Amino acid sequence: PSQSIGGIIAAAGGRLYDGFQEGILRALSPATGADLWQRTTAGPVSIITPGPRVIYVDAASSPDTIYAIQP
């Protein structure tokens with residue numbers, strides 16, 4: 001994959017969440033670094049906020065859109 005966007009990473013529920021430049025949020029295994037799943041956004045991920053049931057994501061090129069992604 002492309003490079004991760006520096007500093008945009010969150011940990012919750014036994015997973016690491018990382019935003020990538022091509023507009024993808026990935027859930028990674030903290031033990032192995034394996035890609036568990038990925039979701040596409042409208043642009044580079046600028047904010048990741050884990051909630052109790054969803055992961056909130058803001059894409060830098062879409063300032064009026066916040067995604068609520070179910071893991």
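This report walks through the strands, the core and the salt bridges of a predicted protein model.

## Ground rules

Because the model is predicted, local features need pLDDT of at least 70 and side-chain atom pairs count only at pLDDT 80 or more, while totals for chains, interfaces and linings use all residues. Residues are numbered from 1 along each chain as its sequence is written, and side-chain values use heavy atoms, with hydrogens and water left out.

## Overall make-up

Let's start with the broad view. The protein has 0 helices and 7 strands, so its elements read β-β-β-β-β-β-β from the N terminus on. Both kinds of element are DSSP runs numbered from the N terminus: helices are H or I with at least four residues, strands are E with at least two.

Of the 71 residues, 37% are buried; here buried means under 20% relative accessible area, exposed means over 50%, and partly exposed lies in between (1.4 Å probe, protein chains only). The protein exposes about 4100 Å², of which carbon and sulfur atoms supply 54%. Accessible areas come from the Shrake-Rupley method with a 1.4 Å probe, and for residues only the protein chains shown count as cover. Taking contacts (heavy atoms within 4.5 Å) between residues at least 6 apart in sequence, 21% join residues at least 24 apart.

## The open sheet

An open sheet is built from 3 strands in the order β5-β6-β7, with antiparallel pairing; two strands pair if DSSP finds at least two bridges between them. At the edges sit β5 (45–50) and β7 (66–69), each pairing on one side only. From one strand to the next, the twist averages 20°, an angle between N-to-C directions of axes fitted to C-alpha atoms (for helices over the stretch in contact), on a scale from 0 to 180 degrees.

Following the chain, a hairpin of 4 residues connects β5 to β6, and 5 bridges join these antiparallel strands. Valine 45 stands opposite alanine 59 of β6. Strand β6 (residues 55–59) also pairs with β7 over 4 bridges, again antiparallel. Here isoleucine 55 has isoleucine 69 as its bridge partner, and tyrosine 56 stands opposite alanine 68. β6 is mostly covered, with 4 of its 5 residues buried.

## The nonpolar core

A nonpolar core is a set of buried Ala, Val, Leu, Ile, Met, Phe, Trp, Tyr and Cys residues joined through side-chain atoms within 4.5 Å. The largest one has 11 residues: Ile8, Ala10, Tyr17, Leu25, Ala27, Trp37, Val45, Ile48, Ile55, Val57 and Ile69. At least two residues of this core come from each of β1 (4–12), β3 (24–28), β5 and β6.

Tyrosine 17 is a good residue to click on in your viewer. Leaving aside residues up to four places away in sequence, tyrosine 17 touches Ile8, Ile9, Ala10, Ala12, Leu25, Arg26, Ala27, Trp37, Ile48, Ile55 and Pro71.

## A salt-bridge network

The structure holds 2 salt bridges, each defined by a Lys or Arg side-chain nitrogen within 4 Å of a carboxyl oxygen of Asp or Glu. One joins the side chains of arginine 26 and glutamate 22 at 3.3 Å, N to O. In the other, aspartate 35 meets arginine 26, with the closest N and O atoms 3.3 Å apart. Glu22, Arg26 and Asp35 are thus linked in a network.

How exposed are these residues? Arginine 26 counts as buried because its relative accessibility is 9%. Glutamate 22 is partly exposed at 37% relative accessible area, and aspartate 35 is partly exposed at 41%.
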